[in-house]
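Here is a short, friendly tour for the bench. Take a look at the sequence and the model, and then we can walk through a few details together.

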Amino acid sequence: MADVDLATVVALLDDEHVRSILTATSESPRSAKELSEHCGLSTSSIYRRLDRLVDADLVAERTRPRADGHHETAYVSRIDRFEVTVRDGNLSWELDRRSDDVADQLTRMWGQF
């Protein structure tokens with residue numbers, strides 16, 4: 001898991017297209033082409049944002065088979081919860097990521113049925 005600081009997370013979240021990517025990939029894994037169509041951005045702009053999100057470990061890459069027998073890269077949000085608290089003169093923050101554990105993924109998939 002990447003060590004990421006608050007400034008990096010806030011800078012990423014300041015971009016409306018990053019927020020759109022994160023929300024779209026929290027619903028289901030999506031390819032860069034699908035994200036481009038969803039966000040109304042060029043594929044190159046999507047890839048630039050995805051590179052930053054993957055580097056910060058906020059989005060993960062997955063290999064997804066296609067009907068034609070080939071495969072493509074799909075992206076999935078790793079953010080489960082992001083919280084900033086300001087209380088009693090202190091600022092604290094927490095970032096919970098979804099697990100990459102295959103057993104956890106199967107449990108989540110089973111829960112969706």
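What should the 12 residues of helix α2 span at 1.5 Å a residue, and how far apart are its end C-alpha atoms?

## Helix α2

The expected span of α2 (residues 16-27) is 16 Å, and its end C-alpha atoms lie 17 Å apart, which agrees. That expectation is 1.5 Å times one less than the number of residues; helices are DSSP runs of H or I with at least four residues, strands runs of E with at least two, numbered from the N terminus.

This is a predicted model, with local features needing pLDDT of at least 70 and side-chain atom pairs pLDDT 80 or more, while totals for chains, interfaces and linings use all residues. Residues are numbered from 1 along each chain as its sequence is written, and side-chain values use heavy atoms, leaving out hydrogens and water.

## D15 and its partners

At the N-terminal end of α2, D15 acts as a cap, with a side-chain oxygen 2.7 Å from the backbone nitrogen of H17. D15 also meets R52 in a salt bridge (3.9 Å, N to O); the term means a Lys or Arg side-chain nitrogen within 4 Å of an Asp or Glu carboxyl oxygen. This pair links distant parts of the chain, 37 residues apart: D15 is in the loop between α1 and α2, R52 in helix α4.

## More salt bridges

The structure holds 13 salt bridges. One of them joins R30 and E27, with the closest N and O atoms 2.8 Å apart. R81, E83, E94 and D96 are linked in a network.

Definitions and conventions:
A polar contact is a pair of N or O atoms within 3.5 Å; within protein, one must be able to donate a hydrogen and the other to accept it, and residues adjacent in sequence count only if both atoms are side-chain atoms.
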